[in-house]
Amino acid sequence: MKHYDAVVAGGGVIGASIAFELASAGLSVAVFDAQNPGREASWASAGMISPAPESSEMASLLPISMASVRLYPEFLQRVEELSGRTVGYRNDGALDLFLNGTGQKEINDILTLHRGFGLRAEALSGPEAREIEPALTSELRAAVHRPDEASVDNRLLTEATLEVARRKGAEIFPGKGAKALWIEGQACKGLQLQNGRVEARWTVIAAGCFSAQIEGVAAYAPVLPAKGQMMALRCDSVNLKRDLWCGHMYLVPRHDGRIIAGSTVEYEGFDRSVTVAGMKKILGDAISLVPVLESARIEEIWAGLRPDSPDHLPILGPTDLNGLLIATGHFRSGILLTPVTARLIREWVTTQKVSEDWAPFSPMRFQQARQSRGA
Ligand SMILES: Cc1cc2nc3c(=O)[nH]c(=O)nc-3n(C[C@H](O)[C@H](O)[C@H](O)COP(=O)(O)OP(=O)(O)OC[C@H]3O[C@@H](n4cnc5c(N)ncnc54)[C@H](O)[C@@H]3O)c2cc1C
(Lines give C-alpha, C1' and ligand atoms only; values in the text may rest on other atoms or scores of the structure.)
Protein backbone atom coordinates (compact mmCIF):
# COMPACT_ATOMS: atom_id res chain seq x y z
CA MET A 1 0.00 0.00 0.00
CA LYS A 2 1.27 3.42 -0.93
CA HIS A 3 1.73 6.03 1.81
CA TYR A 4 1.44 9.79 1.20
CA ASP A 5 1.90 12.82 3.38
CA ALA A 6 -1.58 13.94 2.26
CA VAL A 7 -4.48 12.46 0.32
CA VAL A 8 -7.26 14.65 -1.02
CA ALA A 9 -10.73 13.32 -1.87
CA GLY A 10 -12.06 15.44 -4.74
CA GLY A 11 -10.31 17.16 -7.64
CA GLY A 12 -12.48 20.23 -8.14
CA VAL A 13 -10.90 23.64 -7.82
CA ILE A 14 -10.76 23.28 -4.02
CA GLY A 15 -9.04 19.88 -3.99
CA ALA A 16 -6.75 20.86 -6.86
CA SER A 17 -5.62 24.09 -5.20
CA ILE A 18 -5.01 22.30 -1.90
CA ALA A 19 -2.95 19.64 -3.71
CA PHE A 20 -1.00 22.41 -5.46
CA GLU A 21 -0.24 24.21 -2.18
CA LEU A 22 0.72 21.05 -0.31
CA ALA A 23 2.87 19.72 -3.14
CA SER A 24 4.54 23.15 -3.44
CA ALA A 25 5.41 22.88 0.26
CA GLY A 26 7.26 19.63 -0.49
CA LEU A 27 4.64 17.11 0.67
CA SER A 28 3.82 13.93 -1.22
CA VAL A 29 0.19 14.33 -2.28
CA ALA A 30 -2.42 12.24 -4.08
CA VAL A 31 -5.86 13.37 -5.28
CA PHE A 32 -8.61 10.76 -5.69
CA ASP A 33 -11.67 11.70 -7.72
CA ALA A 34 -14.78 9.66 -8.44
CA GLN A 35 -14.68 10.70 -12.13
CA ASN A 36 -12.63 13.05 -14.31
CA PRO A 37 -11.60 15.78 -11.88
CA GLY A 38 -12.87 19.32 -12.30
CA ARG A 39 -16.17 18.51 -14.02
CA GLU A 40 -18.62 19.39 -11.25
CA ALA A 41 -19.38 22.74 -9.54
CA SER A 42 -15.96 24.15 -10.43
CA TRP A 43 -16.78 23.63 -14.10
CA ALA A 44 -20.40 24.85 -13.84
CA SER A 45 -19.66 28.05 -11.95
CA ALA A 46 -19.94 31.69 -13.05
CA GLY A 47 -16.44 32.41 -11.73
CA MET A 48 -17.17 35.68 -9.96
CA ILE A 49 -14.69 36.82 -7.32
CA SER A 50 -17.21 38.80 -5.34
CA PRO A 51 -16.52 39.39 -1.65
CA ALA A 52 -19.71 41.42 -1.07
CA PRO A 53 -21.97 39.58 1.40
CA GLU A 54 -25.50 39.04 0.10
CA SER A 55 -26.91 39.78 3.56
CA SER A 56 -25.70 40.75 7.01
CA GLU A 57 -26.08 37.06 8.08
CA MET A 58 -23.12 36.20 5.85
CA ALA A 59 -20.88 38.78 7.56
CA SER A 60 -18.66 36.12 9.14
CA LEU A 61 -17.51 35.19 5.63
CA LEU A 62 -16.11 38.63 4.91
CA PRO A 63 -12.65 38.39 6.57
CA ILE A 64 -11.69 35.21 4.67
CA SER A 65 -13.34 36.51 1.49
CA MET A 66 -11.22 39.65 1.64
CA ALA A 67 -8.13 37.59 2.44
CA SER A 68 -8.83 35.47 -0.64
CA VAL A 69 -9.28 38.57 -2.85
CA ARG A 70 -5.88 39.79 -1.64
CA LEU A 71 -4.30 36.38 -2.37
CA TYR A 72 -5.82 36.06 -5.85
CA PRO A 73 -3.29 38.02 -7.96
CA GLU A 74 -0.30 36.08 -6.61
CA PHE A 75 -2.16 32.75 -6.75
CA LEU A 76 -3.11 33.36 -10.38
CA GLN A 77 0.40 34.46 -11.28
CA ARG A 78 1.81 31.20 -9.90
CA VAL A 79 -0.85 29.09 -11.63
CA GLU A 80 -0.55 30.89 -14.98
CA GLU A 81 3.27 30.95 -15.00
CA LEU A 82 3.70 27.33 -14.03
CA SER A 83 0.94 25.97 -16.26
CA GLY A 84 1.74 28.25 -19.20
CA ARG A 85 -2.01 28.94 -19.52
CA THR A 86 -4.15 32.03 -18.97
CA VAL A 87 -7.34 31.74 -16.98
CA GLY A 88 -9.39 34.75 -18.12
CA TYR A 89 -9.06 36.97 -15.06
CA ARG A 90 -10.96 40.28 -15.35
CA ASN A 91 -11.07 42.95 -12.68
CA ASP A 92 -13.35 45.62 -14.09
CA GLY A 93 -15.77 45.63 -11.14
CA ALA A 94 -19.49 44.95 -10.90
CA LEU A 95 -22.75 46.87 -10.98
CA ASP A 96 -25.73 46.08 -8.74
CA LEU A 97 -28.73 47.13 -10.81
CA PHE A 98 -32.09 48.50 -9.63
CA LEU A 99 -34.94 48.69 -12.10
CA ASN A 100 -37.82 51.13 -11.94
CA GLY A 101 -39.96 50.29 -8.99
CA THR A 102 -37.02 49.81 -6.60
CA GLY A 103 -37.29 52.01 -3.50
CA GLN A 104 -34.48 54.32 -2.43
CA LYS A 105 -34.38 52.50 0.91
CA GLU A 106 -33.32 49.23 -0.77
CA ILE A 107 -30.49 51.03 -2.56
CA ASN A 108 -29.40 52.80 0.64
CA ASP A 109 -29.43 49.47 2.52
CA ILE A 110 -27.05 47.93 -0.05
CA LEU A 111 -24.71 50.92 0.18
CA THR A 112 -24.76 50.79 3.98
CA LEU A 113 -24.14 47.01 4.01
CA HIS A 114 -21.13 47.30 1.74
CA ARG A 115 -19.61 50.38 3.29
CA GLY A 116 -20.21 48.96 6.78
CA PHE A 117 -17.91 46.10 5.80
CA GLY A 118 -15.30 48.49 4.38
CA LEU A 119 -16.07 47.57 0.76
CA ARG A 120 -16.03 50.28 -1.86
CA ALA A 121 -19.52 51.01 -3.23
CA GLU A 122 -20.64 54.05 -5.16
CA ALA A 123 -24.25 55.06 -5.98
CA LEU A 124 -24.96 55.82 -9.65
CA SER A 125 -28.12 57.15 -11.29
CA GLY A 126 -29.58 55.17 -14.20
CA PRO A 127 -28.04 57.51 -16.82
CA GLU A 128 -24.65 57.42 -15.04
CA ALA A 129 -24.67 53.62 -15.09
CA ARG A 130 -25.65 53.62 -18.78
CA GLU A 131 -22.70 55.89 -19.52
CA ILE A 132 -20.28 53.18 -18.39
CA GLU A 133 -22.40 50.22 -19.62
CA PRO A 134 -24.35 51.55 -22.64
CA ALA A 135 -26.21 48.26 -23.27
CA LEU A 136 -28.18 48.57 -20.01
CA THR A 137 -31.94 49.04 -20.20
CA SER A 138 -33.44 52.55 -20.12
CA GLU A 139 -35.71 51.16 -17.35
CA LEU A 140 -32.72 51.32 -15.02
CA ARG A 141 -33.43 53.48 -11.99
CA ALA A 142 -30.08 53.32 -10.25
CA ALA A 143 -27.00 51.19 -9.70
CA VAL A 144 -24.35 50.54 -7.09
CA HIS A 145 -20.84 50.33 -8.54
CA ARG A 146 -18.54 47.85 -6.79
CA PRO A 147 -15.16 48.57 -8.36
CA ASP A 148 -13.20 45.86 -6.52
CA GLU A 149 -15.03 42.85 -7.98
CA ALA A 150 -13.41 40.50 -10.46
CA SER A 151 -14.05 37.23 -12.28
CA VAL A 152 -12.12 34.35 -13.74
CA ASP A 153 -12.93 31.62 -16.27
CA ASN A 154 -13.49 28.93 -13.65
CA ARG A 155 -13.12 26.07 -16.17
CA LEU A 156 -9.71 27.30 -17.24
CA LEU A 157 -8.72 27.99 -13.64
CA THR A 158 -9.68 24.49 -12.49
CA GLU A 159 -7.83 22.81 -15.37
CA ALA A 160 -4.74 24.98 -14.86
CA THR A 161 -4.74 24.33 -11.10
CA LEU A 162 -4.93 20.57 -11.66
CA GLU A 163 -2.04 20.92 -14.10
CA VAL A 164 0.19 22.87 -11.69
CA ALA A 165 -0.62 20.45 -8.87
CA ARG A 166 0.63 17.66 -11.18
CA ARG A 167 3.71 19.64 -12.14
CA LYS A 168 4.54 20.12 -8.47
CA GLY A 169 4.40 16.34 -8.06
CA ALA A 170 0.84 15.64 -6.91
CA GLU A 171 -0.52 12.34 -8.26
CA ILE A 172 -4.06 12.58 -9.57
CA PHE A 173 -6.27 9.50 -9.85
CA PRO A 174 -9.44 9.97 -11.95
CA GLY A 175 -12.25 7.44 -11.50
CA LYS A 176 -11.03 6.44 -8.04
CA GLY A 177 -13.53 7.88 -5.61
CA ALA A 178 -13.28 7.61 -1.86
CA LYS A 179 -15.77 5.17 -0.34
CA ALA A 180 -15.13 5.82 3.34
CA LEU A 181 -12.73 7.34 5.82
CA TRP A 182 -10.23 4.84 7.15
CA ILE A 183 -10.58 5.34 10.87
CA GLU A 184 -8.60 3.63 13.62
CA GLY A 185 -9.41 4.76 17.17
CA GLN A 186 -9.32 8.55 17.20
CA ALA A 187 -7.25 8.85 14.03
CA CYS A 188 -8.03 9.04 10.35
CA LYS A 189 -5.38 6.90 8.67
CA GLY A 190 -6.40 7.70 5.08
CA LEU A 191 -9.13 6.76 2.63
CA GLN A 192 -10.89 3.54 1.75
CA LEU A 193 -11.31 3.37 -2.03
CA GLN A 194 -13.45 0.93 -4.03
CA ASN A 195 -10.45 -1.38 -4.23
CA GLY A 196 -8.18 -1.09 -1.24
CA ARG A 197 -6.95 1.66 0.98
CA VAL A 198 -4.54 4.54 0.76
CA GLU A 199 -2.64 5.69 3.81
CA ALA A 200 -1.69 9.27 4.69
CA ARG A 201 -0.67 11.45 7.60
CA TRP A 202 -3.32 13.98 6.45
CA THR A 203 -6.66 13.26 4.79
CA VAL A 204 -8.46 16.22 3.24
CA ILE A 205 -12.12 15.91 2.19
CA ALA A 206 -12.82 18.26 -0.73
CA ALA A 207 -15.47 16.37 -2.68
CA GLY A 208 -17.87 19.31 -2.97
CA CYS A 209 -21.56 18.44 -2.56
CA PHE A 210 -20.64 14.73 -2.68
CA SER A 211 -18.51 14.90 0.45
CA ALA A 212 -21.25 13.60 2.78
CA GLN A 213 -21.55 10.46 0.62
CA ILE A 214 -18.11 9.36 1.80
CA GLU A 215 -18.81 7.12 4.79
CA GLY A 216 -17.82 8.83 8.04
CA VAL A 217 -17.85 12.38 6.63
CA ALA A 218 -21.50 13.44 7.07
CA ALA A 219 -21.07 14.16 10.78
CA TYR A 220 -18.45 16.78 9.92
CA ALA A 221 -19.73 17.98 6.54
CA PRO A 222 -23.49 17.53 6.14
CA VAL A 223 -23.43 19.15 2.69
CA LEU A 224 -26.32 19.24 0.23
CA PRO A 225 -26.36 19.95 -3.51
CA ALA A 226 -27.92 23.31 -4.52
CA LYS A 227 -28.55 23.24 -8.25
CA GLY A 228 -27.78 26.28 -10.38
CA GLN A 229 -28.85 26.50 -14.02
CA MET A 230 -26.73 28.56 -16.40
CA MET A 231 -26.41 29.63 -19.99
CA ALA A 232 -23.71 31.14 -22.20
CA LEU A 233 -24.74 33.82 -24.68
CA ARG A 234 -22.85 35.53 -27.48
CA CYS A 235 -24.00 38.84 -28.92
CA ASP A 236 -21.78 40.81 -31.30
CA SER A 237 -23.56 44.10 -30.56
CA VAL A 238 -22.91 43.97 -26.77
CA ASN A 239 -19.60 44.59 -25.11
CA LEU A 240 -20.15 44.38 -21.37
CA LYS A 241 -17.17 45.29 -19.21
CA ARG A 242 -18.50 44.63 -15.73
CA ASP A 243 -20.34 41.80 -13.99
CA LEU A 244 -24.00 42.82 -13.67
CA TRP A 245 -26.18 41.80 -10.74
CA CYS A 246 -29.90 42.20 -10.17
CA GLY A 247 -31.12 40.30 -7.11
CA HIS A 248 -29.90 36.70 -7.57
CA MET A 249 -29.59 37.12 -11.36
CA TYR A 250 -26.27 37.95 -12.98
CA LEU A 251 -24.48 38.44 -16.30
CA VAL A 252 -20.74 37.80 -16.37
CA PRO A 253 -18.70 38.80 -19.43
CA ARG A 254 -15.86 36.44 -20.33
CA HIS A 255 -12.53 37.22 -21.97
CA ASP A 256 -13.59 35.14 -25.02
CA GLY A 257 -16.68 37.30 -25.71
CA ARG A 258 -19.22 34.96 -24.13
CA ILE A 259 -21.67 36.29 -21.55
CA ILE A 260 -22.52 33.85 -18.77
CA ALA A 261 -26.09 34.26 -17.52
CA GLY A 262 -27.36 32.72 -14.30
CA SER A 263 -28.68 31.43 -12.11
CA THR A 264 -31.22 29.49 -10.09
CA VAL A 265 -30.79 28.00 -6.61
CA GLU A 266 -32.77 24.75 -6.38
CA TYR A 267 -32.75 21.95 -3.84
CA GLU A 268 -33.58 18.92 -6.03
CA GLY A 269 -31.06 16.38 -4.79
CA PHE A 270 -28.36 15.41 -7.27
CA ASP A 271 -30.50 16.19 -10.34
CA ARG A 272 -28.57 18.26 -12.89
CA SER A 273 -31.30 18.74 -15.48
CA VAL A 274 -31.81 22.03 -17.27
CA THR A 275 -35.49 23.00 -17.23
CA VAL A 276 -37.71 25.23 -19.34
CA ALA A 277 -38.67 27.20 -16.23
CA GLY A 278 -35.02 27.75 -15.33
CA MET A 279 -34.05 28.90 -18.82
CA LYS A 280 -37.17 31.12 -19.10
CA LYS A 281 -36.30 32.87 -15.83
CA ILE A 282 -32.65 33.41 -16.75
CA LEU A 283 -33.44 34.66 -20.27
CA GLY A 284 -36.28 36.91 -19.07
CA ASP A 285 -34.06 38.50 -16.42
CA ALA A 286 -31.13 38.86 -18.85
CA ILE A 287 -33.25 40.63 -21.46
CA SER A 288 -34.84 42.91 -18.87
CA LEU A 289 -31.35 44.16 -17.92
CA VAL A 290 -29.75 44.20 -21.38
CA PRO A 291 -32.59 44.26 -23.96
CA VAL A 292 -30.34 43.75 -26.98
CA LEU A 293 -29.54 40.26 -25.68
CA GLU A 294 -32.80 39.24 -27.35
CA SER A 295 -30.68 38.89 -30.51
CA ALA A 296 -27.93 36.88 -28.75
CA ARG A 297 -27.03 33.33 -29.75
CA ILE A 298 -27.37 30.69 -27.04
CA GLU A 299 -24.06 28.82 -27.10
CA GLU A 300 -24.48 26.48 -24.18
CA ILE A 301 -26.82 25.57 -21.33
CA TRP A 302 -25.91 23.57 -18.25
CA ALA A 303 -26.55 23.07 -14.56
CA GLY A 304 -24.19 22.40 -11.67
CA LEU A 305 -24.42 21.47 -8.01
CA ARG A 306 -23.10 23.89 -5.41
CA PRO A 307 -21.92 22.37 -2.12
CA ASP A 308 -24.24 23.99 0.43
CA SER A 309 -24.06 23.57 4.21
CA PRO A 310 -26.85 23.90 6.82
CA ASP A 311 -25.81 27.49 7.66
CA HIS A 312 -24.57 28.24 4.10
CA LEU A 313 -21.04 28.82 5.42
CA PRO A 314 -17.96 26.86 4.32
CA ILE A 315 -16.75 23.88 6.34
CA LEU A 316 -13.03 24.25 6.86
CA GLY A 317 -10.46 22.90 9.24
CA PRO A 318 -9.49 20.02 11.52
CA THR A 319 -11.83 17.57 13.21
CA ASP A 320 -11.70 15.44 16.35
CA LEU A 321 -10.13 12.66 14.24
CA ASN A 322 -6.39 13.14 14.18
CA GLY A 323 -5.28 13.84 10.61
CA LEU A 324 -8.74 14.53 9.13
CA LEU A 325 -9.32 17.95 7.55
CA ILE A 326 -12.44 19.17 5.77
CA ALA A 327 -12.55 21.74 2.98
CA THR A 328 -16.03 21.94 1.50
CA GLY A 329 -19.42 23.67 1.78
CA HIS A 330 -18.24 26.70 -0.20
CA PHE A 331 -21.76 27.04 -1.65
CA ARG A 332 -21.86 30.12 -3.93
CA SER A 333 -18.32 31.30 -3.11
CA GLY A 334 -15.95 28.45 -3.88
CA ILE A 335 -14.15 30.23 -6.69
CA LEU A 336 -13.77 33.35 -4.55
CA LEU A 337 -12.49 31.29 -1.61
CA THR A 338 -10.09 29.02 -3.52
CA PRO A 339 -6.75 30.75 -2.71
CA VAL A 340 -7.53 31.28 0.98
CA THR A 341 -8.84 27.72 1.45
CA ALA A 342 -5.69 26.23 -0.06
CA ARG A 343 -3.48 28.57 1.97
CA LEU A 344 -5.21 27.78 5.30
CA ILE A 345 -5.05 24.01 4.76
CA ARG A 346 -1.36 24.26 3.84
CA GLU A 347 -0.63 26.41 6.92
CA TRP A 348 -2.40 23.93 9.21
CA VAL A 349 -0.68 20.89 7.72
CA THR A 350 2.78 22.45 7.86
CA THR A 351 2.62 24.52 11.08
CA GLN A 352 -0.69 23.71 12.85
CA LYS A 353 -1.36 27.47 12.86
CA VAL A 354 -3.47 29.55 10.48
CA SER A 355 -3.24 33.20 9.46
CA GLU A 356 -7.04 33.76 9.42
CA ASP A 357 -9.62 32.91 12.06
CA TRP A 358 -11.36 29.84 10.70
CA ALA A 359 -13.18 28.92 13.93
CA PRO A 360 -16.60 30.03 12.50
CA PHE A 361 -16.19 27.41 9.77
CA SER A 362 -15.11 24.50 11.98
CA PRO A 363 -16.40 21.06 10.91
CA MET A 364 -17.04 20.44 14.63
CA ARG A 365 -19.91 22.95 14.73
CA PHE A 366 -22.45 20.39 13.48
CA GLN A 367 -21.46 17.84 16.13
CA GLN A 368 -21.74 20.50 18.83
CA ALA A 369 -25.17 21.50 17.50
CA ARG A 370 -26.28 17.84 17.63
CA GLN A 371 -24.93 17.35 21.16
CA SER A 372 -26.71 20.49 22.42
CA ARG A 373 -29.95 19.15 20.92
CA GLY A 374 -29.28 15.92 22.82
CA ALA A 375 -29.22 13.88 19.59
C1 LIG B 1 -24.18 27.51 -11.25
C2 LIG B 1 -23.08 27.87 -10.28
C3 LIG B 1 -22.58 29.16 -10.23
C4 LIG B 1 -21.57 29.48 -9.32
N5 LIG B 1 -21.03 30.74 -9.34
C6 LIG B 1 -20.02 31.05 -8.49
C7 LIG B 1 -19.37 32.31 -8.56
O8 LIG B 1 -19.69 33.14 -9.40
N9 LIG B 1 -18.35 32.57 -7.69
C10 LIG B 1 -17.95 31.66 -6.75
O11 LIG B 1 -17.05 31.96 -5.96
N12 LIG B 1 -18.54 30.44 -6.68
C13 LIG B 1 -19.55 30.12 -7.52
N14 LIG B 1 -20.12 28.89 -7.48
C15 LIG B 1 -19.72 27.95 -6.43
C16 LIG B 1 -18.41 27.26 -6.76
O17 LIG B 1 -18.40 26.88 -8.11
C18 LIG B 1 -18.25 26.06 -5.84
O19 LIG B 1 -18.36 26.47 -4.48
C20 LIG B 1 -16.87 25.40 -6.03
O21 LIG B 1 -16.66 25.12 -7.39
C22 LIG B 1 -16.79 24.11 -5.23
O23 LIG B 1 -15.59 23.47 -5.61
P24 LIG B 1 -15.24 22.02 -5.04
O25 LIG B 1 -13.92 21.68 -5.57
O26 LIG B 1 -15.46 22.02 -3.56
O27 LIG B 1 -16.40 21.08 -5.62
P28 LIG B 1 -16.58 20.46 -7.07
O29 LIG B 1 -16.10 21.34 -8.12
O30 LIG B 1 -18.01 20.00 -7.13
O31 LIG B 1 -15.61 19.21 -7.06
C32 LIG B 1 -15.87 18.07 -6.27
C33 LIG B 1 -15.09 16.92 -6.88
O34 LIG B 1 -15.23 15.78 -6.02
C35 LIG B 1 -15.40 14.65 -6.85
N36 LIG B 1 -16.03 13.57 -6.08
C37 LIG B 1 -17.33 13.26 -5.95
N38 LIG B 1 -17.50 12.20 -5.15
C39 LIG B 1 -16.25 11.81 -4.76
C40 LIG B 1 -15.75 10.79 -3.94
N41 LIG B 1 -16.56 9.90 -3.33
N42 LIG B 1 -14.41 10.68 -3.78
C43 LIG B 1 -13.56 11.54 -4.38
N44 LIG B 1 -13.99 12.54 -5.19
C45 LIG B 1 -15.32 12.68 -5.36
C46 LIG B 1 -16.22 15.14 -8.02
O47 LIG B 1 -16.11 14.27 -9.13
C48 LIG B 1 -15.61 16.51 -8.25
O49 LIG B 1 -14.53 16.45 -9.18
C50 LIG B 1 -21.10 28.50 -8.41
C51 LIG B 1 -21.57 27.20 -8.50
C52 LIG B 1 -22.54 26.86 -9.44
C53 LIG B 1 -23.01 25.44 -9.54
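Biologist: What makes the pair between Gly-10 and the ligand a polar contact?

Modeller: A backbone N or O atom of Gly-10 lies 3.4 Å from a nitrogen atom of the ligand. A polar contact is a pair of N or O atoms within 3.5 Å (within protein, one must be able to donate a hydrogen and the other to accept it, and residues adjacent in sequence count only if both atoms are side-chain atoms). The value of 3.4 Å is within 3.5 Å, so the pair qualifies. Keep in mind that this is a predicted model: local features need pLDDT of at least 70, side-chain atom pairs count only at pLDDT 80 or more, and totals for chains, interfaces and linings use all residues. Residues are numbered from 1 along each chain as its sequence is written, and side-chain values use heavy atoms, with hydrogens and water left out.

Biologist: Which backbone atoms meet an oxygen atom of the ligand?

Modeller: A polar backbone atom of Gly-47 is 3.3 Å from a ligand oxygen. A backbone N or O atom of Leu-336 lies 2.8 Å from a ligand oxygen. The protein buries 96% of the 1,000 Å² that the ligand exposes when taken alone (Shrake-Rupley areas with a 1.4 Å probe; for residues, only the protein chains shown count as cover).

Biologist: Which elements give two or more residues to the shell around the ligand?

Modeller: They are helix 1 (13-24), helix 2 (41-44), strand 12 (224-234) and strand 16 (297-308). Strand 16 gives the largest share, 4 residues. Helices (H or I, at least four residues) and strands (E, at least two) are DSSP runs, numbered from the N terminus.

Biologist: How many residues surround the ligand, and how do you know that a residue belongs there?

Modeller: The count is 39, with Asp-33, Ser-42, Met-48, Ala-178 and Leu-336 the closest. A residue is near the ligand if one of its heavy atoms lies within 4 Å of it. By class, the shell has 19 nonpolar, 16 polar and 4 charged residues.

Biologist: What makes Arg-155 and Glu-300 a salt bridge?

Modeller: Their closest N and O atoms are 3.2 Å apart. The rule asks for a side-chain nitrogen of Lys or Arg within 4 Å of a carboxyl oxygen of Asp or Glu, so this pair passes. Arg-155 lies in helix 6 (residues 154-167) and Glu-300 in strand 16, so the pair ties together parts 145 residues apart in sequence.

Biologist: Why is Arg-155 called buried?

Modeller: Its relative accessibility is 17%. Buried means under 20% relative accessible area, exposed over 50%, partly exposed in between (1.4 Å probe, protein chains only). Arg-155 is therefore buried.

Biologist: Which residues are linked in a network of salt bridges?

Modeller: Arg-155, Arg-234, Asp-256, Arg-258, Glu-299 and Glu-300. Within this network, Arg-258 and Glu-299 meet at 3.5 Å, N to O. That pair links distant parts: Arg-258 sits in the loop between strand 14 (249-253) and strand 15, Glu-299 in strand 16, 41 residues apart. Arg-258 is buried at 14%, whereas Glu-299 is partly exposed at 36%. By the rule, the model has 23 salt bridges.

Biologist: Lys-227 and Asp-271: buried or partly exposed?

Modeller: Lys-227, at 1%, is under 20%, so it is buried. Asp-271, at 30%, falls between the cut-offs, so it is partly exposed. Their salt bridge has its closest N and O atoms 3.1 Å apart.

Biologist: What makes the phi of His-312 worth a note?

Modeller: Phi of His-312 is near 65 degrees, a positive value in a residue other than glycine. Most residues other than glycine have a negative phi, and most peptide bonds are trans. Phe-331 also has a positive phi, near 50 degrees. Its place is the loop between strand 18 (324-328) and helix 8 (338-351). The peptide bond from Gly-262 to Ser-263 is cis, with omega near -10 degrees.

Biologist: How do you know that Ser-68 is buried?

Modeller: Its relative accessibility is 0%, so it is under 20%. Ser-68 belongs to helix 3 (residues 62-83). Its side chain reaches the backbone nitrogen of Val-340 at 3.2 Å.

How values were computed:
Nonpolar A, V, L, I, M, F, W, Y, C, P; charged D, E, K, R; others polar.
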